[in-house]
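Student: Please give me a close look at disulfide bonding in this structure. I would like one connected account that also takes in some selected sites elsewhere.

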Amino acid sequence: MTSFGVVCALCLAAVAAFRVHGAACSSCPVLECWFVQEVAGRGGGLTGSANQVRSLLHISTEPHSRPPRGPSDMDPERVFSITDPAGTLCHSALNPPSGSIKKPQCEMNRFQPQPSHLKWVATLTDSATSPAYLQADWFSVSNQGFNDQLIISSILRAPAASREPDVILSVTTKTVSVQARLGEPVLLDCSLWANPASPLSGSGFAVEWRYQFRGDGRLVLAYDGKTDYLVEAQGGGATLDFEGLHERGNASLILQEAKVHHSGMYICTAYLPYLVAQVTVQLEVVEPPSLAIYPSPVALAVPGQALTVQCEASGFAPLSLELSWTFRGADGKSRSLGSGSMTGHREAWDGTFSQSSRLELEAASMDLGKGGALGCVAAHLGGTQQTSVTLNVAGFNSPSIEDSMAMVGVALVLYGLIKFISWLFTFSGSAQDNDKDKKCK
Ligand SMILES: *[C@@H]1O[C@H](CO)[C@@H](O)[C@H](O)[C@H]1NC(C)=O
């Protein structure tokens with residue numbers, strides 16, 4: 001009874017708190033977040049270990065009228081009221097419908113503002129901006145919406161020990177994972193927002209896109225928005241919408257033509273003087289295979305002839321592929337002939353792959369009747385593809401009218417023959433019986 005009473009009181013308190021608070025913060029969510037704390041290593045070692053504590057982030061687009069309170073079981077030190085004038089953190093993907101299994105993710109870290117020495121960023125801190133402004137509590141918060149809808153990375157500043165930080169810089173992508181067909185133009189979304197109230201936002205920004213694949217990283221392009229200076233990697237083919245970037249913070253990367261070697265992870269990094277935030281986008285270039293069966297059509301002779309047919313899948317990416325064979329006979333029913341034996345793959349100049357399956361055909365043992373359609377099915381990330389060819393089994397043609405007449409003729413002759421032979425046997429049989437009778441007597 002008492003525990004029920006406590007639970008009920010908590011519910012009521014939560015509802016009441018939500019009502020009061022809900023009015024102040026419109027539709028912005030209260031985010032549950034893991035706050036990562038550096039714990040000093042024991043024994044004076046350099047390696048500190050990190051531990052995570054649960055924290056609550058109350059988001060609002062306007063400064064909170066009074067600091068919100070968390071549940072009574074939570075350390076008030078872990079409750080933050082964040083002002084995000086752009087409302088980026090109010091996105092519905094961070095506030096899933098109650099009861100949804102997939103939860104948005106949030107991680108919060110302490111952040112240390114520092115100048116960057118990268119060529120395209122260093123100009124931002126040429127004229128040192130108010131170091132006094134930097135002396136505050138800085139945090140970085142990274143949010144991932146449920147169902148991979150978006151990733152937001154923000155840099156927050158709070159007057160020392162206030163637990164009421166403002167978002168100063170945020171970077172968002174709405175294309176967390178992109179699939180593109182070969183040769184298509186690709187847009188990797190990234191947008192940045194700098195708090196206009198911050199003294200850091202008037203001193204220019206920089207944007208950098210890097211590519212990462214299996215541990216190898218390279219610069220795709222970097223742009224210094226202060227001096228309008230662009231660094232492009234060799235090979236090119238990637239660009240930004242510079243007007244959109246300056247006007248609306250649209251830092252999306254445009255790849256003119258998707259190539260197989262573009263698959264990988266892309267990192268969009270935004271810089272303000274002393275500040276940096278980044279989001280990642282996964283690109284996979286997916287191209288389904290083209291299929292061909294050789295030989296075509298397939299001709300097979302019925303008594304025991306074996307023939308190897310080959311299904312070749314070409315021009316596909318990524319590599320993973322399954323091929324299988326089907327047969328559809330005169331009854332119209334399709335059945336599997338298995339997967340045959342797969343050959344090794346080859347890589348073409350454009351990075352696409354080709355691979356074949358060989359199948360040994362034998363009319364009698366495989367019950368192919370007089371033939372039908374021989375099919376090859378490819379299961380691939382880009383979709384299931386199939387093709388088929390005509391399969392003729394020679395010596396198993398359906399009888400023509402003349403053939404039927406001839407058969408009737410043959411049957412008649414055979415019938416006569418059988419009758420004659422059986423008459424011969426009964427005659428000689430009875431003669432022998434007579435002989436036996438004579439001997440016995
Ligand atoms: C950003 O710019 C690209 C290229 O101009 C455009 O296709 C895209 O819709 C823009 N994104 C936003 C959010 O405006």
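Tutor: The account below begins with the disulfides and then turns to the other sites. The model is a predicted one, and every value given here was computed from it.

A search of the whole structure returns 4 disulfides. A disulfide is a covalent bond between the sulfur atoms of two cysteines. When the bonded cysteines are counted along the chain, their pairing follows the pattern 1-3, 2-4, 5-6, 7-8. Three of these links are described in turn.

Cys 28 is joined to Cys 90 by a disulfide with 1.9 Å between the sulfur atoms. This link is right-handed, with 80° about the S-S bond. It connects distant parts of the chain, 62 residues apart: Cys 28 belongs to the loop between α1 (2-25) and β1 (30-39), and Cys 90 belongs to the loop between β3 (79-83) and β4 (105-110). Are these two cysteines buried or exposed? The criterion for a buried residue is under 20% relative accessible area. Cys 28 counts as buried because its relative accessibility is 7%. Cys 90 also counts as buried, because its value is 17%.

The disulfide of Cys 190 and Cys 268 places their sulfur atoms 2.0 Å apart. The torsion about its S-S bond is about -70°, and the disulfide is therefore left-handed. Cys 190 sits in the loop between β9 (186-188) and β10 (191-194), and Cys 268 sits in strand β16 (residues 264-272), so that this pair ties together parts 78 residues apart in sequence. Both Cys 190 and Cys 268 are buried.

Cys 311 and Cys 376 form a further disulfide, with an S to S distance of 1.9 Å. Its value of -80° about the S-S bond makes it a left-handed link. Here the distant parts of the chain are two strands: Cys 311 lies in β20 (residues 306-316) and Cys 376 in β26 (residues 371-379), 65 residues apart. Cys 311 is buried, its relative accessible area being 0%. Cys 376 is likewise counted as buried, at 1%.

The surroundings of Cys 311 lead to a serine. Ser 357, which is placed in strand β25 (residues 353-362), has Cys 311 among its contacts, together with residues including Val 309, Gln 310, Leu 323 and Met 342. Ser 357 is counted as buried because its relative accessibility is 0%. What does its side chain reach? One polar contact, of 3.0 Å, joins the side chain of Ser 357 to that of Trp 325. The side chain of Ser 357 also comes to 2.8 Å from the backbone oxygen of Ser 339. Trp 325 and Ser 339 are both listed among the residues that Ser 357 touches.

A second serine offers a parallel description. Ser 153 is part of strand β6 (residues 151-158). Its relative accessibility is 10%, and it therefore counts as buried. The side chain of Ser 153 reaches the backbone oxygen of Gln 278 at 3.4 Å. Beyond residues up to four places away in sequence, Ser 153 touches Val 141, Ser 142, Leu 169, Ser 170, Val 171, Ala 277, Gln 278 and Val 279.

Arg 346 belongs to strand β24 (residues 346-347). Unlike the buried serines, Arg 346 is partly exposed, with a relative accessible area of 49%. Leaving aside residues up to four places away in sequence, Arg 346 touches Glu 312, Thr 352, Phe 353 and Ser 354. Arg 346 is 31 residues from Gly 315 in sequence, and their C-alpha atoms are 10.0 Å apart in space.

The last site is that of the ligand. Leu 187, Asp 241, Asn 250, Ser 252 and Ile 254 surround the ligand. By class, this shell divides into 2 nonpolar, 2 polar and 1 charged residues. For Asp 241, an N or O atom of the side chain is 3.0 Å from an oxygen atom of the ligand. For Asn 250, the distance from a polar side-chain atom to an oxygen atom of the ligand is 2.3 Å. On its own the ligand has 360 Å² of accessible area, and the protein covers 47% of it.

Key. Residues are numbered from 1 along each chain as its sequence is written. This is a predicted model: local features need pLDDT of at least 70, side-chain atom pairs count only at pLDDT 80 or more; totals for chains, interfaces and linings use all residues. Side-chain values use heavy atoms; hydrogens and water are left out. Helices (H or I, at least four residues) and strands (E, at least two) are DSSP runs, numbered from the N terminus. Buried means under 20% relative accessible area, exposed over 50%, partly exposed in between (1.4 Å probe, protein chains only). A polar contact is a pair of N or O atoms within 3.5 Å; within protein, one must be able to donate a hydrogen and the other to accept it, and residues adjacent in sequence count only if both atoms are side-chain atoms. Contact means heavy atoms within 4.5 Å. A residue is near a molecule or strand if one of its heavy atoms lies within 4 Å of it. Accessible areas come from the Shrake-Rupley method with a 1.4 Å probe; for residues, only the protein chains shown count as cover. Ala, Val, Leu, Ile, Met, Phe, Trp, Tyr, Cys and Pro count as nonpolar, Asp, Glu, Lys and Arg as charged, and the others, Gly among them, as polar. A disulfide is a pair of cysteine sulfur atoms within 2.5 Å.
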